[in-house]
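Here are a few exercises to work through with the model open in your viewer. Try each task yourself before reading the solution.

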Amino acid sequence: MRRILSIVLLACSACLAFGQDNVIDEIVWVVGDDAILRSDIETQRLYMQNEGQRLDGDPYCVIPEQMAIQKLYLNQAELDSVVANESQVLQNVEQWMNMAVNQIGSREKLEEYFGKKYSQIKEQRKEMVKEQLIVQQMQQNLIGEVKLTPSEVRTYYNTLSQDSLPNVPLKVEVQILTMEPQIPFEETDAIKARLREFTEQVNNGEMEFSTLARLYSEDPGSAARGGELGFMSKTGLLPEFANVAFNLKDTKRVSQVVETEYGFHIIQLIEKRGDRINCRHILLKPKVSESELNAAIARMDSVYKDLQEEKFSFDEAATFLSSDKDTRNNKGLMVNQNYESSNYGTPKFEMQELPQEVGKVVYDMEVGEISKPFTMLTNKQKEVVAIVKLRARVEGHKANLSDDYQALKNIVESRKKEELLNNWIKEKQKTTFVRISDGWQNCDFKYPGWVKE
């Protein structure tokens, strides 16, 4: 029935237009029982443009083909009863909406960019994320567990000419020791007093919490949105923050002052939905005075001198003296937290993956060398004094089996997975009804089977 309806809609697509050059909307592809509208393609183009994604080819060829491939997976997922995790969908949507508003400046500007109300954008994004997660799960089911033998990796390596071998960039392993300048009690007391003043102004009805957040909050990610964080689970928030936020009940009252590793906060509840919460906050950070920074540098100079005189090892210094809780239990060894990096979860870093200040210092160091103290900003935007030790360095080179077996194995695995999915798509094309409108067929498709002879 759905297929008949789609074909009827396709035949009547002229009903959606006032003329050839004045198209409001039209069905340009039909894949199985599902239609792809011109407006769907345009919306997807705007999403990709907003996220800085680049397309290799004409977007009005590439995007509809990508959407058609997705519909093949979704069709198979329906047959196989594959569904998305609703909690994961909602969390992903909230994060994206918050990021998009922050990037573009305001909800109003986001609505203007997409030509839709905020609620419509959110609902559309929810459907997109749900489909993306289903497709990912379906692809994983189709691929299964790809197992490679060392001989397959060697065979792949031996088929490549020297010019075709992938370049492996310079990689380093770095240990770090940091020291935070001491913040005087007077500074923290002044910040707490200021936040209490904000609380009184809100509770007395003199000022809106959101207005104060826009004016004074030092959280760049939420200040422009009036301090709003969007719906978050308890695990998505810092424990100290979550414990207070999830105990709030009155949306008109403000929490007590909360201290986290980012600074000091006050929080206002907006809404609770099951195990998720949406709230506003105002963040103020203690300021490091020049005298305290110089005192921290002097203390670190003393540590550096003791390390040079081998009074203790760098491992010991990082374990017992460092203020960086992410590395001190690992003898100061930094771990790559870049999800998009092939080095994620390992101590290996390409130079651009290191914090900028660390990268500048490490670049000219020798293995085993310890740097002099320098100042840097942490990922929590705190100014600290640091010294680093270069634990390992592998210069950029052409890939070889002895040094880069894992990297080559990853390449072969990726190619094997891609081959499996490509073959599945080509077979699925043969058994799926596809109709492409005139004017949308003249494309150099990745999978030519869309247009049947």
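**Exercise 1.** Which residues of β4 are buried on one side, and which on the other?

Some ground rules before the solution. This is a predicted model, where local features need pLDDT of at least 70, side-chain atom pairs count only at pLDDT 80 or more, and totals for chains, interfaces and linings use all residues. Residues are numbered from 1 along each chain as its sequence is written, and side-chain values use heavy atoms, with hydrogens and water left out.

*Solution.* Step one is the rule of thumb: in a regular strand, side chains alternate between the two faces of the sheet. Step two is to sort the residues: Lys171, Glu173, Gln175, Leu177 and Met179 are buried on one side, and Val172, Val174, Ile176 and Thr178 are buried on the other. Buried here means under 20% relative accessible area, with exposed over 50% and partly exposed in between (1.4 Å probe, protein chains only). Step three is the tally: 9 of the 9 residues of β4 are buried. Strands are DSSP runs of E with at least two residues, helices are runs of H or I with at least four, and both are numbered from the N terminus.

**Exercise 2.** Find the strands that pair with β4 (171-179), and the partners of Lys171.

*Solution.* Two strands pair if DSSP finds at least two bridges between them. Start with β9 (residues 349-350), which runs antiparallel to β4 and is joined to it by 2 bridges. Then take β11 (residues 383-394), also antiparallel, with 9 bridges to β4. Lys171 stands opposite Glu350 in β9, and its bridge partner in β11 is Val394.

**Exercise 3.** Describe the two pockets that rank largest and second largest.

*Solution.* First, the recipe: on a 1 Å grid over the protein atoms alone, a pocket is an open set of points where a 1.4 Å probe fits, with protein on both sides within 12 Å along at least five of seven lines; lining residues have an atom within 4 Å of a point. A volume is the space filled by probe spheres set on the points.

- The largest pocket holds about 1,300 Å³ and has 41 lining residues, with Gln44, Gln66, Met67, Gln70 and Gln132 nearest its centre. Helix α3 gives the most to this lining, 10 residues.
- The second largest pocket holds about 900 Å³ and has 28 lining residues, with Asp324, Asp326, Thr378, Asn379 and Lys380 nearest its centre. β4 and β10 (374-377) each supply at least two residues of that lining.

**Exercise 4.** Classify the ring pairs Tyr60–Trp440 and Trp96–Phe114.

*Solution.* Rings of Phe, Tyr and Trp (its six-membered ring) pair if their centres lie within 6.5 Å; planes under 30 degrees apart are stacked, over 60 edge-to-face, and the rest tilted. The whole structure has 7 aromatic pairs. Tyr60 and Trp440 have centres 6.3 Å apart and planes at 80 degrees, an edge-to-face pair. Tyr60 is in α3 and Trp440 in the segment after β13 (434-436), so this pair ties together parts 380 residues apart in sequence. Tyr60 is partly exposed at 34% relative accessibility, while Trp440 is buried at 10%. For Trp96 and Phe114, the centres are 6.4 Å apart and the planes at 55 degrees, so that pair is tilted. Trp96 is buried at 5%, and Phe114 is buried at 7%.
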